[in-house]
Amino acid sequence: MSDHHPIPHGPSSFEGMLQSAGLSEREADAARTVVMGLTAAEAAPLMGVGASTVGSYRQRAYQKLGVTTRAEFLRMPSCALWHKALAQEDADDDEAAKMASEPEAPANAQTSHLRLFLKCLLVSVIIVSAFVLLSLAQRPQPSYVGSPNGFISSDYGDIPDVTGMRADAAASALASAGYYPEFLPRASSEPPGTTLRVGEIGGMRDADEKRSAIAWEGGSASGYNVSGDWKAYVLIDVAV
């Protein structure tokens, strides 16, 4: 995504802000599409995920950046600076298109060089964009463990060891055994959506309904109702 537009670098730049906030690659991509003025539906095909997943990445990015809304995010100094640069770039493109549609007039060497530069820039953007989309399409699909790796003993009974399973399959295995599944996103070199480990196990009075849903690159697990005949809650770490 970062190759679509020139982005200033440095500790005070937009990219520096994303890095210092600890955003994942996909969260950063989603944040960039906000500044580019794209809706979640427009950004979805570029990122290779669904619109709802783009929305989830954006919300996690906002949380890490300390804002709650799109408007607050765009008012951040680094966002406003890049947004202004993009607006100027679009205005320049519109002016170049207007010049191209007007009757040809005697042009000096400087005008010819500018038009040649704009054409080369456009071709470069198209080539880079095609390469990025092709690399996303050719990315190998992650593999997951198909069933629990035995059981983990606890004060609430034997918990299915869902380590290595895809998060939605892991949640289903836990729920089928009577345990309320909760998720904790973790940055990891494992394929997105992989259950990294079984973490906390506790009584339902301490269960957190907000942690019963998760989204990752290429998938998501919907939330569970905290009320019901659950033995205990089980918190699992999931790679994102």
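**Note on helix H2, the aromatic pairs and the largest pocket**

1. Trp-230 is buried in this predicted model, since its relative accessible area of 18% falls under the 20% limit for that class. Its pairing partner, Tyr-224, counts as partly exposed at 22% relative accessibility. The two residues therefore fall on either side of the 20% cut-off.

2. The ring centres of Tyr-224 and Trp-230 lie 6.3 Å apart, and the ring planes meet at 75°, so the pair is edge-to-face. The angle that sets this class is one over 60 degrees. Tyr-180 joins Tyr-224 and Trp-230 in a cluster linked by ring pairs.

3. The count of aromatic pairs in the model comes to three. Tyr-62 and Phe-73 form one of them: their ring centres are 5.5 Å apart and their planes stand at 40°, so this pair is tilted. Tyr-62 belongs to helix H4 (residues 51-65) and Phe-73 to helix H5 (residues 70-75), and the pair links distant parts of the chain, eleven residues apart.

4. How is Tyr-62 classed by its relative accessibility? With a value of 5%, Tyr-62 counts as buried. Phe-73 is likewise buried, its relative accessible area being 0%.

5. Helix H2 spans residues 25-35, and ten of its eleven residues are buried, so the helix is largely enclosed by the rest of the structure. Charged side chains are represented in the buried set, which includes Arg-26, Glu-27, Asp-29 and Arg-32. Ala-28, Ala-30, Ala-31, Thr-33, Val-34 and Val-35 are also among the buried residues of H2. Just after this helix, Gly-37 takes a positive phi of about 85°.

6. The largest pocket holds about 480 Å³ of space. Its lining comprises 20 residues, and those nearest the pocket centre are Arg-60, Gln-63, Pro-185, Ala-213 and Ile-214. Two or more lining residues come from each of helix H4, strand E3 (179-186) and strand E5 (214-216).

7. What is the make-up of the lining of the largest pocket in nonpolar, polar and charged residues? Nine of the lining residues are nonpolar, five are polar and six are charged. Of the residues nearest the centre, Arg-60 counts as charged and Gln-63 as polar, while Pro-185, Ala-213 and Ile-214 count as nonpolar.

8. Helix H4 enters two of the points above: Tyr-62 of the tilted ring pair lies in this helix, and H4 also gives two or more residues to the lining of the largest pocket.

Notes:
Residues numbered from 1 in each chain as written. Predicted model: local features only at pLDDT ≥ 70, side-chain atom pairs only at ≥ 80, totals over all residues. Heavy atoms only, no water. Buried < 20%, exposed > 50% of the residue type's maximum accessible area, 1.4 Å probe, protein only. Helix = DSSP H or I, 4+ residues; strand = E, 2+ residues; numbered from the N terminus. Phe/Tyr/Trp six-rings, centres within 6.5 Å; stacked < 30°, edge-to-face > 60°. 1 Å grid on protein atoms, 1.4 Å probe; cavity = no way out; pocket = protein on both sides within 12 Å on 5 of 7 lines; lining within 4 Å. Points joined across faces, edges and corners; volume = space filled by probe spheres on them.
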